[in-house]
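Q: I would like a close look at one part of this structure, with the surrounding elements brought in afterwards for context. Please go through the geometry step by step.

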Amino acid sequence: MRAFTQHQGVAAPMDRSNVDTDMIIPKQFLKSIKRTGFGPNLFDELRYLDEGKPDQDCSNRPLNPDFVLNQDRYRNASVLLARRNFGCGSSREHAPWALDDFGFRVIIAPSFADIFYNNCFKNGLLPIVLAEEVVEKLFQETYENEGYQLSIDLEAKTVTTPSGESFGFDVDDFRRHCLLNGLDDIGVTLEDADLIRDYENKRRETAPWLFNTAN
Amino acid sequence: MAGKTLYDKLWDDHLVKQRDDGSALIYIDRQLLHEVTSPQAFEGLRLADRKPWRIDANIATPDHNVPTTDRERGVEGIVDPVSRIQVETLDKNCDEFGILEFKIKDQRQGIVHVIGPEQGATLPGMSIVCGDSHTSTHGAFGCLAHGIGTSEVEHVLATQCLVQQKMKNMLVKVNGKLGPGVTGKDVVLAIIGRIGTAGGTGYAIEFGGEAIHDLSMEARMTICNMSIEAGARVGMVSVDDTTIDYVRGRPFAPEGEQWDKAVEYWRTLHSDDDAVFDKVVELDGADILPQVSWGTSPEMVTGVDGAVPDPDREEDPIKREGIVRALKYMGLQPNQKITDIKLDRVFIGSCTNSRIEDLREAAKVVKGHKVSPTLKQAMVVPGSGLVKAQAEQEGLDKVFIEAGLEWRDPGCSMCLAMNADKLGQGEHCASTSNRNFEGRQGFGGRTHLVSPAMAAAAAIKGHFVDVREIMN
């Protein structure tokens with residue numbers, strides 16, 4: 001996995017609450033058997049005026065001029081500002097894959113849905129929870145200043161604005177460690193293979209029905 | 001020391017290692033696989049030259065992409081080539097790694113969350129995962145069950161474990177009795193309406209109380225299924241006689257002495273009397289009416305006697321903005337009566353409501369009636385081949401067909417419209433599925449979440465109606 005230590009980039013405001021993963025990447029694009037190539041279809045139904053199809057060249061599709069990522073000043077954004085409960089709904093990891101493929105590295109919101117939050121860390125994408133009033137302030141500053149950039153330091157657990165104002169955030173130690181070092185967490189788990197085997201053997205004795213195949 | 005909750009017990013029983021950083025290795029007893037969220041996981045295994053840790057812990061079936069007609073042609077009958085490749089990829093991966101799969105022409109094929117319990121592959125006390133957020137369904141059996149992303153599907157294939165942080169405990173207690181015509185679906189929609197779509201974020205929810213334990217396993221599955229729509233990855237009901245009676249005799253269920261030993265353990269799968277929950281929410285079953293969602297989030301829901309809300313009366317600006325946006329998308333007016341919403345299509349199916357009891361309830365309502373001529377389509381999609389066979393044995397298929405509903409083959413179908421079954425732009429649908437998100441059932445489609453009985457009543461009338469009026 002790609003490591004994440006520090007990042008500085010343009011912020012884009014996704015100004016609606018309860019953005020679900022169907023909205024982040026609609027179902028027709030889930031038919032792919034790859035992990036890449038979802039970027040052109042990120043927020044497809046908000047971004048384009050027509051109905052998107054898999055494997056389609058998106059460069060000639062009619063854009064929705066009102067959608068935030070279609071505005072020149074946000075085209076190269078890599079920090080997404082979002083509202084409450086971002087990433088709710090389906091567990092599809094295609095949602096972080098699409099955000100990543102578009103170029104996002106950080107998502108900042110007052111709250112995230114659990115499964116989406118977890119999926120981000122598996123893909124080198126950092127979801128940051130900040131207090132609602134802080135997020136509101138960042139939204140306002142983003143609207144007011146073209147080219148507004150935020151600096152994120154995972155080691156120090158801070159988000160810093162262009163004026164030098166800094167906000168701390170929490171992230172659990174294991175996820176942070178994996179992200180900072182770009183660790184393959186399957187590899188980390190397999191270091192405990194003996195423990196897993198011991199547990200399994202014990203369960204085979206105490207609860208053998210868990211290991212049955214069909215009668 | 002305070003007693004343990006059901007979630008605490010399940011967590012402790014599956015704990016392989018508690019790490020110093022607060023994370024834990026949790027053993028997974030069962031993984032269910034389907035075609036949409038598994039191909040990249042198998043590919044990851046191959047790229048890292050890893051093998052599945054325990055092949056017999058996995059069961060697979062194609063469900064999201066499968067057509068609901070023309071099934072005798074098998075995979076060849078999937079018209080969309082992209083969908084076909086995905087189903088073929090699941091077949092190839094399962095064949096290569098030796099994983100049990102109920103393929104498209106197998107009568108045991110169906111929606112993953114229907115076939116697990118049906119086969120007894122979902123047993124009380126198990127930890128169960130699937131690359132699908134509605135895995136919470138299996139919590140109805142006193143399981144620790146939740147959805148995961150594809151990276152975690154790969155993690156479980158490779159290690160039989162997940163790295164987890166323990167969640168907080170929430171008890172949602174539904175007291176007293178439910179009124180006639182009020183189902184598990186209405187209960188869960190009412191709960192989501194109360195606590196909101198993020199109300200359960202960070203929690204494992206246990207559903208308890210008299211009204212929950214009076215319900216069948218099918219209805220409990222419906223409730224646990226939609227925990228995720230309240231933000232909770234995990235929803236559970238403690239084990240009782242209803243649970244054990246359901247499991248007995250199923251293909252993967254233990255037998256003989258092993259059965260007795262299992263039952264003895266299963267009987268312990270409830271929260272202790274002195275267990276402490278981080279949050280408790282109580283509802284009175286008698287207050288719950290048949291529910292209808294009016295907006296684009298499952299929390300945007302009201303009783304059938306209600307009306308679409310007026311955003312001007314909402315004080316929270318973020319919620320107000322959400323209501324305005326939802327009404328625009330749904331093409332509804334503030335204060336419009338729910339029973340005045342006209343429908344274009346009716347969908348009875350999905351992992352929420354496609355089990356035999358759901359079909360019986362819908363059939364009871366439509367029997368002797370005809371689908372309204374104002375509807376473009378009303379369809380019934382059973383949850384599995386075995387549910388379909390059972391329904392046909394009971395003559396339910398004939399009841400539906402005589403009333404003018406289409407009787408289809410099993411799969412996820414119009415719940416998320418990955419196959420050919422979808423809404424047209426601007427169409428309103430009474431749907432027994434779980435999500436009313438923008439575009440969920442088709443580009444520009446407008447979903448209203450209801451119970452099977454309410455969907456059936458709406459099919460007859462062409463608009464929403466209180467099912468209790470038809471039942472009388």
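In what way do α12(B) and α14(B) lie to each other, and why?

A: The model is a predicted one, and everything that follows should be read as a description of that prediction. Helix α14 of chain B covers residues 396-403, and it packs against α12(B) at an angle of about 40°, with the two axes 9 Å apart. Angles under 35 degrees count as roughly parallel, and those from 65 to 115 as roughly perpendicular. The angle of about 40° falls in neither range, and α12(B) and α14(B) are therefore oblique to each other. The sense of the crossing is left-handed where α12(B) passes α14(B).

The residues behind this packing can be named on both sides. From α12(B) come B:Ile356, B:Leu359, B:Arg360, B:Ala362, B:Ala363 and B:Val366, and they meet B:Leu396, B:Val399, B:Phe400 and B:Ala403 of α14(B). Sorted by class, this contact of α12(B) with α14(B) holds 9 nonpolar residues and 1 charged residue, with no polar residue among them.

Helix α12(B), which spans residues 356-366, has another packing partner in helix α13(B), residues 385-393; here the angle is about 40° and the axes are 10 Å apart. That angle makes α12(B) oblique to α13(B). The crossing of α12(B) with α13(B) is right-handed, whereas that of α12(B) with α14(B) is left-handed. On the α12(B) side, the contact with α13(B) is made by B:Ile356, B:Leu359 and B:Arg360, and on the α13(B) side by B:Val387, B:Gln390 and B:Ala391. This contact counts 4 nonpolar, 1 polar and 1 charged residues. B:Ile356, B:Leu359 and B:Arg360 thus appear in the contact with α13(B) as well as in the contact with α14(B).

Chain A offers a further helix pair to set beside these. The axes of α3(A) and helix α4(A), the latter made of residues 114-121, come within 9 Å and cross at roughly 50°, which makes α3(A) oblique to α4(A). Helix α3(A) passes α4(A) in a right-handed crossing. A:Ala95, A:Pro96 and A:Leu99 of α3(A) are in contact with A:Phe116, A:Asn119 and A:Cys120 of α4(A), a set of 5 nonpolar residues and 1 polar residue without any charged one.

Turning back to chain B, its strands supply the rest of the context. Strands β1, β2 and β8 of chain B form an open antiparallel sheet of 3 strands in the order β1-β2-β8. Its edges are β1 (15-18) and β8 (161-164), each of which pairs on one side only, and neighbouring strands are turned by 20° against each other on average when direction is ignored. Between β1(B) and β2(B) there are 3 bridges, one of which sets B:Gln18 against B:Ala24 as its partner in β2(B). The hairpin of these two strands has 5 residues between them, and B:Gly22 takes a positive phi near 95° there. On its other side, β2(B), residues 24-27, joins β8(B) through 4 antiparallel bridges, with B:Ala24 standing opposite B:Gln164. Helix α1(B), residues 6-13, lies across β1, β2 and β8 of the chain and runs at about 85° to β1(B).

A separate open sheet of chain B has 5 strands with parallel pairing, in the order β5-β4-β3-β6-β7. Its edge strands β5 (100-101) and β7 (144-147) each have a single partner strand, so one side of each is left without a neighbour in the sheet. Within it, β3(B), residues 30-33, and β6(B), residues 127-130, pair in the parallel sense over 3 bridges, and B:Arg30 has B:Ile128 as its bridge partner in β6(B).

Finally, the search for charged pairs over all chains finds 49 salt bridges in the whole structure. One of them joins the side chains of A:Arg92 and A:Asp22, with an N to O distance of 3.4 Å. These two residues link distant parts of chain A, 70 residues apart: A:Arg92 sits in the loop between β2 (79-81) and α3 (94-102), while A:Asp22 belongs to helix α1, residues 21-24.

Conventions
Residues numbered from 1 in each chain as written. Chains lettered and ligands numbered in written order. Predicted model: local features only at pLDDT ≥ 70, side-chain atom pairs only at ≥ 80, totals over all residues. Heavy atoms only, no water. Axes fitted to C-alpha atoms, helices over the stretch in contact; angles between N-to-C directions. Parallel < 35°, antiparallel > 145°, perpendicular 65-115°, else oblique. Left-handed = near helix turned anticlockwise from the far one by under 90°. Contact = heavy atoms within 4.5 Å. Nonpolar A, V, L, I, M, F, W, Y, C, P; charged D, E, K, R; others polar. Pairing = 2+ DSSP bridges. Salt bridge = Lys/Arg side-chain N within 4 Å of Asp/Glu carboxyl O.
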